[in-house]
Amino acid sequence: SDFPRAEQLLDEAITMHREDGDTEGESVALVQLASVQFNAGRVAEARARLEAAQPIVVASGFRYREAI
């Protein structure tokens with residue numbers, strides 16, 4: 001698996017979404033990055049990403065994404 005490349009691309013996506021004010025896209029990318037980090041065995045980093053995504057997801061009002 002190419003975890004470092006996936007992380008690089010997701011970090012770029014997070015930055016682009018933030019710059020565009022696209023909070024939904026940002027939250028999706030944060031959750032995806034958390035998944036990559038979890039699968040790479042970096043559970044603490046994955047948790048931090050999920051915690052960063054939570055307020056964005058809650059503010060969006062998209063209850064389904066909040067549940068997952």
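**Stop 1: α1 and α2**

Start by selecting α1 and α2, which cross in a left-handed way in this predicted model. Helix α1 covers residues 3-20, and helix α2 covers residues 23-39. Turn the view until you can follow both axes: they come within 9 Å and cross at roughly 160 degrees. Because of that angle, α1 counts as roughly antiparallel to α2, the cut-off being over 145 degrees.

Now show the side chains where the two helices meet. On the α1 side, pick F3, A6, E7, L10, D11, A13, I14, H17 and R18. Their partners in α2 are G25, E26, A29, L30, Q32, L33, V36, Q37 and N39. Try colouring this contact of α1 with α2 by class: you should find nine nonpolar, five polar and four charged residues.

**Stop 2: I14**

Next, select I14, a residue of helix α1. Is I14 buried or exposed? Its relative accessibility is 3%, so I14 counts as buried. Which residues does I14 touch, once neighbours within four places in sequence are set aside? The answer is E26, A29, L30 and L33. Draw a distance from I14 to E26, C-alpha to C-alpha, and you should read 5.1 Å, although the two are twelve residues apart in sequence.

**Stop 3: E26**

Follow that distance line across to E26, which sits in helix α2. E26 has a relative accessible area of 8%, so E26 is buried. Leaving out residues up to four places away in sequence, show what E26 touches: I14, H17, R18 and I56. Keep I56 on screen, since I56 belongs to the α3 side of the next contact.

**Stop 4: α2 and α3**

Hide α1 for a moment and select α2 with helix α3, which covers residues 43-60. How many degrees separate the directions of these axes where they cross? They cross at roughly 165 degrees and come within 8 Å. That angle is why α2 is described as roughly antiparallel to α3. As α2 passes α3, the crossing is left-handed.

To see the contact itself, select T23, E26, S27, L30, V31, L33, A34, Q37 and F38 in α2. Then add V43, E45, A46, R49, L50, A52, A53, I56 and V57 from α3. Coloured by class, this contact of α2 with α3 shows twelve nonpolar, three polar and three charged residues.

**Stop 5: A52**

Stay on helix α3 and click A52. With a relative accessible area of 35%, A52 is partly exposed, because that value falls between the cut-offs of 20% and 50%. Draw a C-alpha distance from A52 to S35, 17 residues away along the chain, and it comes to 13 Å.

**Stop 6: G41**

Now move to the loop between α2 and α3 and select G41. Is this residue buried or exposed? G41 counts as exposed, because its relative accessibility is 55%. For one more distance, join the C-alpha atoms of G41 and D11: they are 30 residues apart along the chain and separated by 18 Å.

**Last stop: confidence**

Finally, colour the chain by pLDDT. The mean is 90, and 94% of the residues reach 70 or more. Where is confidence lowest, and where is it highest? It is lowest in helix α4, residues 63-67, at a mean of 69, and highest in α1, at 96. Where pLDDT is low, predicted coordinates should not be read in detail.

Terms used: Residues numbered from 1 in each chain as written. Predicted model: local features only at pLDDT ≥ 70, side-chain atom pairs only at ≥ 80, totals over all residues. Heavy atoms only, no water. Axes fitted to C-alpha atoms, helices over the stretch in contact; angles between N-to-C directions. Helix = DSSP H or I, 4+ residues; strand = E, 2+ residues; numbered from the N terminus. Parallel < 35°, antiparallel > 145°, perpendicular 65-115°, else oblique. Left-handed = near helix turned anticlockwise from the far one by under 90°. Contact = heavy atoms within 4.5 Å. Nonpolar A, V, L, I, M, F, W, Y, C, P; charged D, E, K, R; others polar. Buried < 20%, exposed > 50% of the residue type's maximum accessible area, 1.4 Å probe, protein only. pLDDT = per-residue confidence, 0-100.
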